[in-house]
Amino acid sequence: MLTLDKVYHAAYVLKDVVRKTALIASPKINPDCKLYLKTENLQVTGSFKVRGAGYKISQLSDEEKARGVIACSAGNHAQGVALAAQKYGIKSVICLPDGAPISKVEATKSYGAEVVMVPGVYDDAYNRALELRDEEGYSFVHPFDDEDVIAGQGTIGLEIIDELDDVDAVVVPIGGGGLISGIAYTLKHLKPSVKVYGVQAMGAPSMYNSVKNGKKERLSGVSTIADGIAVKEPGDNTFSLVSKYVDEIVTVSEDEISSAILALIEQHKLIAEGAGAVSVAAVMFDKIPAKGKKVVAVVSGGNIDVTILSRVIKRGLLTSGRNCTLCIELMDKPGQLQQVSSIIASLGGNVTSVHHERASETTDINGCFLRLVLETRNYDHIKEITAALTAAGFKLV
């Protein structure tokens with residue numbers, strides 16, 4: 001059974017395995033509340049997962065440790081299990097789908113794990129892991145639906161209360177639910193007045209749907225940049241704990257997640273993966289009642305693929321009004337471009353791309369289109385520029 005004693009025991013056992021991560025003030029992300037970031041993206045392996053895996057492995061018998069452990073993951077859980085196994089000097093085998101990013105495969109190997117590449121998707125890798133467990137006698141370390149794993153994640157709750165004992169609300173990402181189960185259980189037993197909010201991506205709302213409908217539900221598919229929380233079905237333990245201890249679950253869009261990743265980079269020089277940034281997105285876009293409260297957002301991980309990061313930054317710039325494209329219909333005569341650019345320059349916009357094209361047969365025979373890409377401050381700045389161009393007689397398409 002999950003108990004508060006078990007969470008405290010996990011904190012004691014893990015003190016030489018994990019890093020006690022910082023709680024840092026974030027005054028600008030939502031000025032209406034006092035926001036603090038629990039920076040699990042700076043944890044060893046770049047994610048909170050090493051806590052649960054570390055405690056689970058520590059509780060195995062000597063006989064189980066001698067046989068080794070096995071896990072299935074395409075990401076953070078794999079690295080957490082591999083590092084924890086390395087710390088305890090035992091063998092670890094990780095089954096990965098063969099489409100897993102090379103960076104994650106190499107990172108898992110670097111922590112000393114034996115990696116088994118399985119043709120297909122996550123479910124195929126999971127089934128292979130169970131086969132190997134039965135064949136070789138390994139102990140299976142579940143990514144979330146295990147009470148020792150949940151107790152390990154609960155140590156984050158202890159650290160939050162220890163550093164900010166007057167916290168009003170804690171916002172936590174949800175995938176399978178292991179992280180929020182541990183944190184919510186711990187907080188509600190130590191300080192019942194603390195509100196605990198869970199956050200899922202709109203493209204993977206398995207726990208959101210399950211709690212709302214009062215029974216565990218499985219999604220037919222998931223689609224989100226927050227791949228670390230793209231889980232089709234909650235666990236039995238986690239569904240029960242979340243239903244009992246979590247106050248509310250909300251969802252955030254892909255654009256909101258991108259904007260939160262960008263805000264963390266710009267304001268705090270912190271890299272968060274999509275799953276790690278959903279908690280920040282929920283506070284940033286007022287998805288939870290945070291006004292006037294002390295709120296902690298758990299930034300659960302920072303293992304984002306660099307190629308995805310560049311796309312996310314671009315999308316974040318667009319959705320926050322930092323970048324925009326204007327298409328202006330002009331008469332093709334001298335001085336037009338100069339007039340447009342002087343209006344934009346006078347208002348502080350920066351043109352980064354210019355494309356001039358002759359108009360189609362449906363417009364004026366002397367017409368042309370000017371397509372501009374601008375760097376802007378925000379949506380109000382874009383409105384100011386478009387209003388000035390319109391006032392000067394230019395037609396925006």
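## Two crossing helices and what surrounds them

Helices H11 and H12 are roughly perpendicular to each other. The angle between H11 (residues 254-268) and H12 (residues 274-284) is about 95 degrees, and their axes lie 8 Å apart; since angles of 65 to 115 degrees count as roughly perpendicular, this pair belongs in that class. On the H11 side, the residues that meet H12 are Glu 256, Ile 257, Ser 259, Ala 260, Ile 261, Ala 263 and Leu 264. Across from them, H12 contributes Gly 274, Ala 277, Val 278, Val 280, Ala 281 and Met 284.

Now for the whole chain. What you have in front of you is a predicted model. The protein chain has 397 residues, and 53% of them are buried. Its secondary structure comes to 15 helices and 14 strands. Along its principal axes, the C-alpha trace spans about 85 × 50 × 40 Å. Among contacts with a separation of 6 or more, 72% are between residues 24 or more positions apart.

**The open sheet**

A good landmark to look for is an open sheet of four strands, in the order E5-E4-E3-E6, with parallel pairing. E5 and E6 (139-140) stand at the edges with a single partner strand each, so one side of each has no neighbour in the sheet. The table goes through the pairings, with an example of bridge partners for each.

| Strand pair | Sense | Bridges | Example of bridge partners |
|---|---|---|---|
| E3 (residues 69-72) and E4 (residues 92-97) | parallel | four bridges | Cys 72 and Cys 95 in E4 |
| E4 and E5 (residues 114-118) | parallel | five bridges | Pro 97 and Val 118 in E5 |
| E3 and E6 | parallel | two bridges | Val 69 and Ser 139 in E6 |

Helices pack on this sheet as well. Helix H4 (residues 76-87) touches E3 and E4, and its direction makes about 165 degrees with that of E3. Helix H5 touches E4 and E5, and its direction makes about 150 degrees with that of E5. H5 (residues 102-110) is also the link in the chain from E4 to E5, and this β-α-β crossover is right-handed.

How many of the six residues of strand E4 are buried? The count is six of six, and the strand is mostly covered. Ser 92, Ile 94 and Leu 96 point one way from E4, while Val 93, Cys 95 and Pro 97 point the other way. Residues on both faces of this strand are buried.

**The nonpolar cores**

The largest nonpolar core holds 41 residues, and those with the most contacts inside it are Val 167, Val 170, Ile 183 and Val 296. Several elements supply at least two residues each: helices H1 (4-14), H2 (49-58), H7 (147-163), H8 (178-190) and H10 (236-245), together with strands E7 (169-173) and E10 (294-299). Another core, of 35 residues, lies apart from this one, and Cys 33, Val 250, Ala 282 and Ile 304 are among its members.

Which residues does Val 167 touch, not counting those up to four places away in sequence? They are Ile 160, Ile 161, Lys 191, Val 194, Lys 294 and Val 296.

Helix H1 is worth following too. Its residues Leu 4, Val 7, Ala 10, Val 13 and Leu 14 are buried. The cover over the buried residues of H1 includes H2, H7 and H8.

**One covered residue and one open one**

Two single residues show the contrast between inside and outside. Is Ser 210 buried or exposed? Ser 210 has 0% relative accessibility and therefore counts as buried, the cut-off being under 20%. Ser 210 sits in helix H9 (residues 206-213). Leaving aside neighbours within four places in sequence, Ser 210 is in contact with Lys 215, Lys 216, Glu 217, Pro 234 and Phe 239.

Lys 28 is found in the loop between strand E1 (23-25) and strand E2 (34-39). With a relative accessible area of 64%, Lys 28 is exposed, because that term applies over 50%. Asn 76 is 48 residues from Lys 28 along the chain, and the C-alpha atoms of the two are separated by 29 Å.

How values were computed: Residues are numbered from 1 along each chain as its sequence is written. This is a predicted model: local features need pLDDT of at least 70, side-chain atom pairs count only at pLDDT 80 or more; totals for chains, interfaces and linings use all residues. Side-chain values use heavy atoms; hydrogens and water are left out. A nonpolar core is a set of buried Ala, Val, Leu, Ile, Met, Phe, Trp, Tyr and Cys residues joined through side-chain atoms within 4.5 Å. Buried means under 20% relative accessible area, exposed over 50%, partly exposed in between (1.4 Å probe, protein chains only). Contact means heavy atoms within 4.5 Å. Two strands pair if DSSP finds at least two bridges between them. A crossover is right-handed if, with the strands pointing away from the viewer, the path from the first strand over the helix to the second runs clockwise. Axes are lines fitted to C-alpha atoms, for helices over the stretch in contact, and angles run from 0 to 180 degrees between N-to-C directions. Angles under 35 degrees count as roughly parallel, over 145 as roughly antiparallel, 65 to 115 as roughly perpendicular and the rest as oblique.
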